[in-house]
Amino acid sequence: MGLGKKMGWALLWISTMGLFTLSAAATVHKVGDSTGWTTLVPYDYAKWASSNKFHVGDSLLFNYHNKFHNVLQVDQEQFKSCNSSSPAASYTSGADSIPLKRPGTFYFLCGIPGHCQLGQKVEIKVDPGSSSALLAPSSAPGQSPLPNGPAPLGTPSALAPPPSAASTLSYYSLLCLPLAAYVVAFYSLCV
């Protein structure tokens, strides 16, 4: 096999692995899209959440003016009653990136009096099984875990990917291998 053919195989392998990496990339979900996290403009955060698909390894991005808003992670009962007295985590930077490190349902609200009642709250259902869990970003700045309520998403127990993440990675690998074989076969016909 000549040097040109070896380089072609190497380039093909690198390209295939690059495609695999792109398929495993995590999604950043900007809460409220261009509206952001606010009460100034009426926004249906429940509708926004239902129109998105959240996976382990993705992250939520809350953009807001931190003099007028915050983000608190609470449990289901606190969420339903807009009770912000003992959140599991508190975010106050105004540009909070919260990694979704495990499957489950997570609840967020603004702790400024009256804001939650105006609809500034969101329920996020995170599905397991995304290979992007292995690529999850580190814990978000501005987070301060508190003792009561659900474990915040950035706690040490949340850092390990769920067991399904490794199996999903294998699943994606199995999908990429036939694709790679097809591309190699096509390439060898062309050379």
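Y45 is buried in this predicted model, with a relative accessible area of 2%. Its ring pairs with that of Y43: the two centres are 4.9 Å apart, and an angle of 55° between the planes makes the pair tilted. Y43 is partly exposed, at a relative accessible area of 24%. The cut-off for buried is under 20%, so Y45 falls below the limit and Y43 does not.

The pair of Y43 and Y45 belongs to a wider group. Ring pairs join W37, Y43, Y45, F62 and F108 into a cluster. In the whole structure the count of aromatic pairs is six. Another of these pairs is formed by F79 and Y107, also tilted, with 5.1 Å from centre to centre and 45° between the planes. This pair connects distant parts of the chain, since F79 sits in helix α3 (residues 76–81) and Y107 in strand β7, 28 residues apart. F79 is buried at 9% relative accessibility, and Y107 is buried at 9% as well.

Several of these rings also appear in the nonpolar core. In soluble globular proteins, nonpolar side chains tend to be buried together. The largest core here has 21 residues, and W37, L60, F62, F108, V122 and I124 are the members that touch the most others. Two or more residues each come from α2 (45–50), β3, β5 (89–91), β7 (104–109) and β8 (121–127). V122 can serve as an example of how such a member is surrounded. Leaving aside residues up to four places away in sequence, V122 touches W37, Y45, W48, A49, F62, F79, F106, Y107 and F108. Apart from this core lies another one, of seven residues, including L72, V74, C82 and L109.

C82 deserves a second look for its backbone. Its phi is positive, near 55°, although C82 is a residue other than glycine. C82 is found in the loop between α3 and β5, and it is buried, with a relative accessible area of 17%. D33 also has a positive phi, of about 50°, and is not a glycine. D33 lies in the loop between β1 (28–30) and α2. Unlike C82, which is buried, D33 is partly exposed, at 41% relative accessible area.

The next topic is charge. How many salt bridges does the structure hold? There are two. In one of them, the side chains of D127 and K53 meet at 2.9 Å, N to O. D127 is in strand β8 and K53 in the loop between α2 and β2, so this bridge links parts of the chain 74 residues apart. K53 is exposed, with a relative accessible area of 53%, while D127 is partly exposed at 25%. The other bridge joins the side chains of K125 and E123 at 3.8 Å, N to O. K125 is exposed at 52%, and E123 is partly exposed at 31%.

D58 is a charged residue without such a partner. It lies in the loop between β2 (54–55) and β3 (59–63). D58 is buried, and the nearest side chain of opposite charge, that of K53, is 9.9 Å away. A salt bridge requires the nitrogen and oxygen to be within 4 Å, so D58 and K53 do not form one. What does the side chain of D58 make a polar contact with? The partner is the side chain of H29, at 3.1 Å.

Definitions and conventions. Residues numbered from 1 in each chain as written. Predicted model: local features only at pLDDT ≥ 70, side-chain atom pairs only at ≥ 80, totals over all residues. Heavy atoms only, no water. Helix = DSSP H or I, 4+ residues; strand = E, 2+ residues; numbered from the N terminus. Buried < 20%, exposed > 50% of the residue type's maximum accessible area, 1.4 Å probe, protein only. Lys, Arg positive; Asp, Glu negative; His and termini not counted. Polar contact = N/O pair within 3.5 Å; in protein donor to acceptor, adjacent residues only side chain to side chain. Core = buried A, V, L, I, M, F, W, Y, C linked by side-chain atoms within 4.5 Å. Contact = heavy atoms within 4.5 Å. Phe/Tyr/Trp six-rings, centres within 6.5 Å; stacked < 30°, edge-to-face > 60°.
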